[in-house]
Amino acid sequence: LDAYGPDSVPVHLLTREALRVYAERTAPGGWIAVHVSNLHLDLMPVLADLAADAGWACLGRDDDALSDEEITDGRHPSRWVVMARTPGELGLLELADPDWFRLEQRGDPWTDDHAPILPLLLK
């Protein structure tokens, strides 16, 4: 899922209802990968809350260790979240790449009717 810009958030894609749609279309053992880079908001807790609410597992990664060559080629730092139905489905990823980490939850999953962004503002 890569529908985000550095300064915009399509909130409707990060709600409990949206995750239900993604889950219906995700194969057993499949993952949902979400690009959450944003200049103003930390969106990782939103995905952590959604995953916990649905009983899914999730991991985050800050992909910011770029070589000079990657920067020259136009690559930018990015933030990612992957989600799966069970922790075991993400276990190999976590073992294979120590840059993936468990996400902190806030306990307030977004819905189509409730999506507070103020607590997510980056300082």
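Helices here are DSSP runs of H or I at least four residues long, numbered from the N terminus. With that in hand, select α2 and step just past its end: the helix is followed by G55, whose phi is positive, near 80°.

Before going further, color by confidence, since this is a predicted model. The chain averages a pLDDT of 84, and 91% of the residues score at least 70. Among the elements, α2 (residues 44–54) has the highest mean, 93, while α3 (residues 68–72) has the lowest, 78. Keep in mind that where pLDDT is low, the predicted coordinates should not be read in detail.

**Stop one: the sheet**

Now show the strands. You should see an open sheet of four, in the order β1-β3-β2-β4, with antiparallel pairing. At the edges sit β1 (31–35) and β4 (101–102), each pairing on one side only.

Zoom in on β2 (residues 57–63) and β3 (residues 78–84). How many bridges join strand β2 to strand β3? Seven, and the two strands run antiparallel. For a handy landmark on this pair, pick L59 and look across to β3: V82 stands opposite.

**Stop two: back to α2**

Select α2 again and show its side chains. Eight of its 11 residues are buried, so the helix is largely enclosed by the rest of the structure. Buried, for this purpose, means under 20% relative accessible area. The residues to highlight are M44, P45, V46, L47, A48, D49, L50 and A51.

What covers the buried residues of α2? The cover includes α1 (16–24) along with β1, β2, β3 and β4, so try displaying those elements as a surface around the helix.

**Stop three: the cavity**

Last, go looking for empty space. A search of the whole structure turns up one cavity of 30 Å³ or more, and about 50 Å³ of space lies in it. To find the spot, select L1, L13, L14, T15, A18, L19, Y22, I32, V34, L47, L50 and M83, which line this cavity. The elements giving two or more residues to the lining are α1, β1 and α2, and the largest share, three residues, comes from α1.

Two of the names may look familiar: L47 and L50 were among the buried residues of α2, and here they turn up in the cavity lining.

Finish by coloring the lining by residue class. How many of its residues are nonpolar, polar and charged? The split is 11 nonpolar, one polar and no charged.

Notes
Residues are numbered from 1 along each chain as its sequence is written. Side-chain values use heavy atoms; hydrogens and water are left out. pLDDT is the predictor's confidence in each residue, from 0 to 100. Two strands pair if DSSP finds at least two bridges between them. Buried means under 20% relative accessible area, exposed over 50%, partly exposed in between (1.4 Å probe, protein chains only). Contact means heavy atoms within 4.5 Å. On a 1 Å grid over the protein atoms alone, a cavity is a set of points where a 1.4 Å probe fits but cannot get out, and a pocket is an open set with protein on both sides within 12 Å along at least five of seven lines; lining residues have an atom within 4 Å of a point. Grid points are joined across faces, edges and corners, and a volume is the space filled by probe spheres set on the points. Ala, Val, Leu, Ile, Met, Phe, Trp, Tyr, Cys and Pro count as nonpolar, Asp, Glu, Lys and Arg as charged, and the others, Gly among them, as polar.
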